Amino acid sequence: MALPPDIVVLTGAGISRESGLATFRDADGAWARVRLEDVATPEAFARDPAQVHGFYNARRAGLAEPSVVPNAAHLALADLELRWPAAFLLVTQNVDDLHERAGSRRLVHMHGELLRARCVRCDADRPWTGPMDAGTQCPACLLRGGMRPDIVWFGEMPYEMDRISDALARCGLFVAIGTSGNVYPAAGFVAEVRGRAATVELNLEPSEGAALFHEAHHGPATRIVPAYVADLLARWT
Ligand code: BV8
């Protein structure tokens with residue numbers, strides 16, 4: 001009897017879509033309304049901090065809407081983590097807190113978190129739920145003008161890449177959920193592991209990297225993720 005494989009799960013904006021949060025590249029996504037070059041790069045923040053703060057303040061406020069709650073896909077992944085008899089790591093590109101609120105603990109936010117802020121003057125980072133602007137004072141160094149969302153912008157190094165690489169090197173199963181496979185390095189993980197791990201895509205439709213996956217299930221996350229998790233647990237526990 002083979003041993004259950006270590007699992008790495010990668011999620012993207014598609015897993016939060018049915019919780020009411022916009023994705024990026026769908027027709028009704030964030031990049032249909034604003035250019036990523038204007039709100040999600042360090043250059044944009046230096047050029048027009050008010051526009052960047054406005055973009056993130058609106059998304060941070062949106063996350064506090066009572067209707068925005070974890071969905072069945074988030075909950076299924078928290079259940080899988082709890083019951084899986086081998087190592088499990090959830091790597092999310094998402095900056096929302098729906099995985100935590102669903103109960104996920106072994107979780108890495110590689111692109112940062114909407115509900116955290118960082119001061120570029122003293123580098124202190126902390127939870128942040130309210131709005132922020134160029135005049136916001138840093139609670140640590142008391143200076144103004146240095147507060148930014150604790151988000152990884154384009155051209156910036158994603159967080160915890162060593163931890164992610166270690167988990168990818170050890171995993172025997174890699175599952176990508178709700179991501180279009182456009183943004184690197186996340187979009188490159190499947191190519192990194194496919195020679196030694198089973199790779200599965202769970203997405204509304206085939207992603208850019210669809211051809212690199214050994215297995216795929218297409219449909220809304222709230223349907224295909226719980227079904228996939230139930231099948232995996234039935235097979236191995
Ligand atoms: C880096 C900020 C290296 C947070 C994000 C030129 C200059 C500089 C860099 C580059 C360059 N060319 C390429 C690069 C690399 C760049 C990159 O990949 N660019 C792309 C656009 C080509 N990457 C970077 O810059 C990264 N950093 O490379 O640093 C480095 C090296 C040395 C030293 C320093 C640095 C940083 C990338 C992170 C950028 N930040 N977001 C925020 O505002 O949210 S990326 C952004 O895209 C989000 O994080 C998002 O999560 C991520 C990926 O998007 P997806 O999650 O996949 O969402 P998308 O809308 O695309 O797709 C949704 C999918 O869900 C779809 O497939 C859809 O079908 C599906 N779906 C929809 N509904 C459902 C569903 N599925 C299931 N059920 C449903 N109901």
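A residue counts as near the ligand when one of its heavy atoms lies within 4 Å of it. With that in mind, welcome to this predicted model. There are 35 residues around the ligand, and F24, R25, G155, S180 and Y184 come nearest. Below you will find the ligand's surroundings, a pair of cysteines, an aspartate in a strand, and some backbone details worth a look.

**Around the ligand**

- The shell of residues around the ligand is made up of 15 nonpolar, 13 polar and 7 charged residues.
- F24, already named among the residues that come nearest, has a polar backbone atom 2.7 Å from an oxygen atom of the ligand.
- A nitrogen atom of the ligand lies 2.8 Å from a backbone N or O atom of V152.
- For A221, a backbone N or O atom is 2.9 Å from a nitrogen atom of the ligand.
- On its own the ligand has 1500 Å² of accessible area, and the protein covers 75% of that.

**Two cysteines without a bond**

- If you search the whole structure for disulfides, you will find 0.
- C122 and C138 show why: the sulfur of C122 has its closest cysteine sulfur in C138, at 3.7 Å, which is too far for a bond, because a disulfide needs the two sulfur atoms within 2.5 Å.
- Seen from the other side, the closest cysteine sulfur to that of C138 is the one in C122.
- The surroundings of these cysteines are worth comparing: C122 is partly exposed, with a relative accessible area of 33%, whereas C138 is buried, at 1%.

**D150 in its strand**

- D150 sits in strand β6, which covers residues 147-151.
- With a relative accessibility of 6%, D150 counts as buried.
- Leaving aside residues up to four places away in sequence, D150 touches G112, E113, R116, A117, R118, D125 and Y159.

**Backbone details in the loops**

- Y184 and P185 are joined by a cis peptide bond, with omega at about 5°.
- P185 belongs to the loop between β7 (173-177) and α7 (189-193), and its partner Y184 is one of the residues that come nearest to the ligand.
- D123 is not a glycine, yet its phi is positive, near 70°; you can find D123 in the loop between β4 (112-119) and β5 (125-127).
- L142, also not a glycine, has a positive phi of about 65°.
- The loop between β5 and β6 is where L142 lies, and at 52% relative accessibility L142 counts as exposed.

Technical notes. Residues are numbered from 1 along each chain as its sequence is written. This is a predicted model: local features need pLDDT of at least 70, side-chain atom pairs count only at pLDDT 80 or more; totals for chains, interfaces and linings use all residues. Side-chain values use heavy atoms; hydrogens and water are left out. A polar contact is a pair of N or O atoms within 3.5 Å; within protein, one must be able to donate a hydrogen and the other to accept it, and residues adjacent in sequence count only if both atoms are side-chain atoms. Accessible areas come from the Shrake-Rupley method with a 1.4 Å probe; for residues, only the protein chains shown count as cover. Ala, Val, Leu, Ile, Met, Phe, Trp, Tyr, Cys and Pro count as nonpolar, Asp, Glu, Lys and Arg as charged, and the others, Gly among them, as polar. Buried means under 20% relative accessible area, exposed over 50%, partly exposed in between (1.4 Å probe, protein chains only). Helices (H or I, at least four residues) and strands (E, at least two) are DSSP runs, numbered from the N terminus. Contact means heavy atoms within 4.5 Å.
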